[in-house]
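Please examine the structure shown here before reading the notes on its sheet, its nonpolar cores and its largest pocket.

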Amino acid sequence: MEEIQAGRRTRNTTKRTNRIMSDLFGNEKILALSWKEPFGSMMLHGKIETRTWGTNYRGLVLICCSQKAYSLQQVDAICGGERNAGRIVGKLGQFWKNTDTLGMAIGIGRLINSRRMIPTDEEKAYVAYYDDLYSHIYEYVRPLKPFPWKGSQGWKTVEQSIIDKIELL
């Protein structure tokens, strides 16, 4: 077990981190989902995720960034125009083009609802309202010490060996 002595950590930091992760998540299943940047990073800023599909899953989600990011033109098109895309650039500043997050797991949050998008979601979703989109609502989203993640489309179960390595920032 880790002990802090005179401001230094002992060599058992990993065991302490694992214990903390176990305390936070218990034996709860964690699923991973990938986002293209800048939308992965926006999840760390309270974004309501929008997808073309709904889900019955409720629980912990590992927030991962795809290997490739969207271009500014693609972000404009997805967001429904410059207003929402400009808000993303404004929120992330120069970091909206950050390549350090590509191919990395960067956060974890709890998916608490998936429902049809409503007009009032537009502000926090950073996309124009479309009645055929689903809003995925997250709470307790926390940044992680980034680590490499090879994702895929759709949900992916996170193995215990990966969960044991998760470190909250």
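The notes below are grouped by topic. The model is a predicted one. Its sheet is open and consists of 6 strands, its largest nonpolar core holds 20 residues, and its largest pocket encloses about 690 Å³ of space.

**The sheet**
- The strands follow the order S4-S7-S6-S5-S3-S8, with mixed pairing.
- Strand S4 (49-51) and strand S8 (156-157) are the edge strands, each of which pairs on one side only.
- S4 and strand S7 (residues 134-148) run antiparallel and are joined by 3 bridges.
- Opposite Glu49 stands His136 in S7.

**The nonpolar cores**
- In soluble globular proteins, nonpolar side chains tend to be buried together.
- Within the largest core, the residues that touch the most other members are Trp35, Phe39, Val61, Val75, Cys79, Ile88 and Tyr138.
- At least two residues of this core come from each of strand S3 (30-35), helix H2 (39-43), strand S5 (59-65), helix H3 (72-79), helix H4 (82-92) and strand S6 (104-116).
- Another core, of 13 residues, lies apart from the largest one and includes Leu60, Ala105, Ile163 and Ile166.
- Leaving aside residues up to four places away in sequence, Tyr138 touches several residues, among them Leu33, Trp35, Glu49 and Trp155.

**The largest pocket**
- The lining comprises 27 residues, and Ser34, Trp35, Lys36, Arg51 and Tyr70 lie nearest the centre of the pocket.
- S3 and S4 each contribute at least two residues to this lining.
- By type, the lining contains 11 nonpolar, 10 polar and 6 charged residues.

Notes:
Residues are numbered from 1 along each chain as its sequence is written. This is a predicted model: local features need pLDDT of at least 70, side-chain atom pairs count only at pLDDT 80 or more; totals for chains, interfaces and linings use all residues. Side-chain values use heavy atoms; hydrogens and water are left out. A nonpolar core is a set of buried Ala, Val, Leu, Ile, Met, Phe, Trp, Tyr and Cys residues joined through side-chain atoms within 4.5 Å. Buried means under 20% relative accessible area, exposed over 50%, partly exposed in between (1.4 Å probe, protein chains only). Helices (H or I, at least four residues) and strands (E, at least two) are DSSP runs, numbered from the N terminus. Contact means heavy atoms within 4.5 Å. Two strands pair if DSSP finds at least two bridges between them. On a 1 Å grid over the protein atoms alone, a cavity is a set of points where a 1.4 Å probe fits but cannot get out, and a pocket is an open set with protein on both sides within 12 Å along at least five of seven lines; lining residues have an atom within 4 Å of a point. Grid points are joined across faces, edges and corners, and a volume is the space filled by probe spheres set on the points. Ala, Val, Leu, Ile, Met, Phe, Trp, Tyr, Cys and Pro count as nonpolar, Asp, Glu, Lys and Arg as charged, and the others, Gly among them, as polar.
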